[in-house]
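Trainee: I should like to look closely at a single part of this structure. Please take me through that part and then relate it to the rest of the chain.

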Amino acid sequence: MLGYSTEFLFITKDDSVLVTGHNNAGQYGNGTESSLDSGYATVQISEVEHVFINRLSFFAIKKDGTLWGWGGNGYAMIDSSGRKKVTIPIQMMPELRFRTGCSSDDNQYRFVTVGGDLVVWGFNRFGMMGTTEAFVTPPRTVSLPRRVVSVAGGINHTALLLDDG
């Protein structure tokens, strides 16, 4: 289970995803923008291994390593179509396979590929994305001397566990 403010995501025993809470930006991932008074909605995605929440944007890494996003699309955080809401999960960066990731409260996204590369995008006001740009888009790989095993981050920082410990 993972929660943020009023939304919660649950990965079920059959690797599907349930969501509850507000749905004003398509967070339910089922093509709607109406919230339920009670209960859970089933996100239109399966074979999910990890889920991530960031304000209005939700992400999942499926068992095959593909990254999927849905919900609020402000600043083109999920896709560059210009739409403000993505109400059904869409695959992001199909050329890459991901192992893990994290997001933080201020539209900052960090994901680790199966090969140990760090892919980042979003607001970067304190340089926590490994670049001097104030806003990183489209997503890009950060050049690092070692492979990344795990990533964590907040509004002001990024912490990495590298393959040398």
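In which loop is Tyr-75 found?

Mentor: In this predicted model, Tyr-75 is found in the loop between β7 (67-72) and β8 (85-92). The backbone at this position deserves attention: Tyr-75 has a positive phi of about 60 degrees, although it is not a glycine. Most residues other than glycine have a negative phi. The side of the question that concerns solvent is readily settled, because Tyr-75 has a relative accessible area of 53% and exposed means over 50%.

Asp-15 also has a positive phi, of about 70 degrees, without being a glycine. Asp-15 lies in the loop between β2 (7-11) and β3 (17-20). A further backbone feature concerns the peptide bond that joins Thr-137 and Pro-138, which is cis, with omega about 0 degrees. Most peptide bonds are trans. Pro-138 has its place in strand β12 (residues 135-142).

From β12 one may pass to its partner. Strands β11 and β12 pair in the antiparallel sense over five bridges, and within this pairing Val-120 stands opposite Arg-140 in β12. On another side, β11 pairs with strand β10 (residues 108-113), again in the antiparallel sense and over five bridges. Here Val-112 stands opposite Leu-118 in β11. The strands β10 and β11 form a hairpin with four residues between them, and Gly-116 in the turn has a positive phi of about 90 degrees.

Strand β11 (residues 118-123) is mostly covered, for six of its six residues are buried. Val-120, which lies in β11, serves as an example: its relative accessibility is 2%, and it therefore counts as buried, the limit being under 20%. Leaving aside neighbours within four places in sequence, Val-120 is in contact with Tyr-109, Arg-110, Met-129, Val-136, Pro-139, Arg-140 and Val-142. Between the C-alpha atoms of Val-120 and Ser-103, which are 17 residues apart in sequence, the distance is 9.7 Å.

The nonpolar cores place these strands in a wider setting. In soluble globular proteins, nonpolar side chains tend to be buried together. The largest nonpolar core of this model has 28 residues, and those with the most contacts inside it are Leu-9, Ile-45, Phe-59, Leu-67, Trp-70, Phe-111 and Trp-121. At least two residues of this core come from each of β3, β5, β6 (57-62), β7, β8, β10 and β11. The strands that flank the loop of Tyr-75, β7 and β8, are thus among the contributors. A second, separate core of nine residues includes Cys-102, Val-112, Val-120 and Val-136.

Ile-53 provides a view of strand β5 (residues 48-54), in which it lies. With 9% relative accessibility, Ile-53 counts as buried. Its C-alpha atom is separated by 9.6 Å from that of Gln-27, 26 residues away along the chain.

For the chain as a whole, there are zero helices and 14 strands. Buried residues make up 44% of the 165 residues. Of the contacts between residues at least 6 apart in sequence, 41% join residues at least 24 apart. A compact globule with 165 residues would have a radius of gyration near 15 Å, and the chain has 15 Å, which agrees. Along its principal axes, the C-alpha trace spans about 50 × 30 × 25 Å. The accessible surface comes to about 8000 Å², of which 52% belongs to carbon and sulfur atoms.

Conventions. Residues are numbered from 1 along each chain as its sequence is written. This is a predicted model: local features need pLDDT of at least 70, side-chain atom pairs count only at pLDDT 80 or more; totals for chains, interfaces and linings use all residues. Side-chain values use heavy atoms; hydrogens and water are left out. Buried means under 20% relative accessible area, exposed over 50%, partly exposed in between (1.4 Å probe, protein chains only). Two strands pair if DSSP finds at least two bridges between them. Contact means heavy atoms within 4.5 Å. A nonpolar core is a set of buried Ala, Val, Leu, Ile, Met, Phe, Trp, Tyr and Cys residues joined through side-chain atoms within 4.5 Å. The radius of gyration is taken over C-alpha atoms; the globule rule is 2.2 Å times the number of residues to the power 0.38. Accessible areas come from the Shrake-Rupley method with a 1.4 Å probe; for residues, only the protein chains shown count as cover.
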